[in-house]
Amino acid sequence: MPLTVREARPDELGAVGSLTLAAYAADGEVTPGNPYAATLLDAAARAREATLLVAVDEGGLLVGTVTYVRPGSAFAEVGGPDEAEVRMLAVAPTARGAGVGRRLSDACVEQARAEGLAAVALSSGEGMAAAHRLYGRMGFARTPERDWSPRDGIRLLAFRLSLT
Ligand SMILES: CC(C)(COP(=O)(O)OP(=O)(O)OC[C@H]1O[C@@H](n2cnc3c(N)ncnc32)[C@H](O)[C@@H]1OP(=O)(O)O)[C@@H](O)C(=O)NCCC(=O)NCCS
């Protein structure tokens with residue numbers, strides 16, 4: 001699929017938030033009433049505190065998004081002091097399996113390399129099988145010592161891609 005990956009524009013933030021929530025909901029990763037839904041919807045906060053990327057197809061349709069997080073910044077969770085972090089990777093259900101997730105993830109890795117960082121880190125829900133396959137194919141390794149739980153009943157698996 002011919003794709004453009006670029007920073008989100010201010011007028012797109014509502015649509016980016018909705019796409020993020022819809023992508024997680026489609027996989028059962030958020031259910032009605034889940035407190036994480038408001039965080040996923042709030043693309044404006046991600047644009048403010050991090051770098052919010054989008055993927056648009058050849059017709060200009062928004063098909064995916066990811067947040068590139070610098071070390072020590074507001075959205076950092078599992079990254080070390082010299083590691084970027086990838087958060088809220090989401091692809092519209094109708095656009096999956098065509099490499100959009102890979103392109104967005106690659107853009108984050110390229111950005112981290114350009115900034116001279118040592119690694120890219122992330123954490124991902126236990127049931128996110130497509131994401132785990134994607135990260136594995138990109139060379140991310142599991143870092144189980146960084147696994148964590150944001151709240152009762154939720155376990156997040158940590159991964160790290162070394163850039164050195
Ligand atoms: C994870 C996600 C971003 C992948 O987007 P995508 O554009 O379909 O990704 P790609 O096409 O680049 O690659 C997907 C890979 O997962 C595989 N895959 C898809 N569904 C799968 C499943 N249920 N189980 C295992 N692998 C699966 C695909 O076959 C592909 O691997 P392959 O190229 O080796 O065959 C998308 O599924 C999504 O938005 N999921 C909901 C949110 C989420 O889980 N985000 C991750 C946060 S850490």
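Visitor: Two strands count as paired if DSSP finds at least two bridges between them. Going by that, what order do the strands of the open sheet have?

Guide: This is a predicted model, and in it the seven strands of the open sheet run in the order S1-S2-S3-S4-S5-S7-S6. The pairing is mixed.

Visitor: Which strands stand at the edges?

Guide: S1 and S6. Each has a single partner strand, so one side of each is left without a neighbour in the sheet.

Visitor: Take the S1 edge. How many bridges join S1 to S2?

Guide: Five, and the two strands run antiparallel. S1 covers residues 3-7. Within it, Val5 has Ala55 of S2 as its bridge partner.

Visitor: And S2 to S3, parallel or antiparallel?

Guide: Antiparallel, with six bridges between them. Leu52 is opposite Thr67 of S3, and Val56 is opposite Leu62, also of S3.

Visitor: What sits between those two strands in the hairpin?

Guide: Four residues. Gly60, in that hairpin, takes a positive phi near 85°.

Visitor: Now the other edge. What does S6 pair with?

Guide: S6, residues 141-142, is joined to S7 by two bridges, and they run antiparallel. Arg142 stands opposite Phe159 of S7. S7 also pairs with S5, in the antiparallel sense, over seven bridges. There, Ser123 faces Ala158 of S7 as its opposite number.

Visitor: Is S7 mostly covered or mostly open?

Guide: Mostly covered. S7 spans residues 156-162, and five of its seven residues are buried.

Visitor: Switching to helices. How far does H1 reach?

Guide: H1 runs over residues 13-26, which makes 14 residues, and reaches 20 Å from its first C-alpha to its last. That is close to the 20 Å expected at 1.5 Å a residue.

Visitor: Which H1 residues are buried?

Guide: Leu13, Val16, Gly17, Leu19, Thr20, Leu21, Ala23 and Tyr24.

Visitor: What do they pack against?

Guide: Two helices, H2 (36-41) and H3 (43-49), and three strands, S2 (51-57), S3 (62-69) and S4 (83-91). Just after H1, Gly28 takes a positive phi of about 70°.

Visitor: How about H4, what does its span look like?

Guide: H4 has 15 residues and reaches 21 Å from first C-alpha to last, close to the 21 Å expected at 1.5 Å a residue. Its buried residues are Val100, Gly101, Leu104, Ser105, Cys108, Val109 and Ala112. Gly116 follows H4, and its phi is positive, near 75°.

Visitor: Which residue other than glycine has a positive phi?

Guide: Met88, with phi near 45°. Most residues other than glycine have a negative phi. Met88 lies in strand S4.

Visitor: Why does Met88 count as buried?

Guide: Because 23 other C-beta atoms lie within 10 Å of its own, and the cut-off for buried is 20 or more.

Visitor: On to the core. How many residues are in the largest nonpolar one?

Guide: It has 44 residues. Those with the most contacts inside it are Ala8, Val66, Tyr68, Cys108 and Val120. In soluble globular proteins, nonpolar side chains tend to be buried together.

Visitor: What does Ala8 touch?

Guide: Not counting residues up to four places away in sequence, Ala8 touches Leu13, Val16, Ala43, Ala47, Leu52, Leu53 and Val54. Leu13 and Val16 in that list are among the buried residues of H1.

Visitor: What surrounds the ligand?

Guide: A shell of 23 residues, the closest being Arg96, Gly101, Arg102, Ala129 and Ala130. The elements that give two or more residues to the shell are H1, S4, H4 (100-114), S5 (119-125) and H5 (129-138).

Visitor: Which one gives the largest share?

Guide: H5, with six residues. By type, the shell divides into 13 nonpolar, four polar and six charged residues.

Visitor: Staying with H5, where is Tyr135 and what does it touch?

Guide: Tyr135 lies in H5. It touches Phe140 and Phe159, not counting residues up to four places away in sequence. The C-alpha atoms of Tyr135 and Leu161 are separated by 8.7 Å, though the two residues are 26 apart along the chain.

Visitor: Is Tyr135 buried or exposed?

Guide: Tyr135 counts as buried, because it has 24 C-beta neighbours inside 10 Å.

Notes. Residues numbered from 1 in each chain as written. Predicted model: local features only at pLDDT ≥ 70, side-chain atom pairs only at ≥ 80, totals over all residues. Expected span 1.5 Å × (residues − 1). Buried ≥ 20, exposed ≤ 12 C-beta atoms within 10 Å, placed from the backbone. Contact = placed C-beta atoms within 7 Å. Core = buried A, V, L, I, M, F, W, Y, C linked by C-beta atoms within 7 Å. Near = placed C-beta within 6 Å. Nonpolar A, V, L, I, M, F, W, Y, C, P; charged D, E, K, R; others polar.
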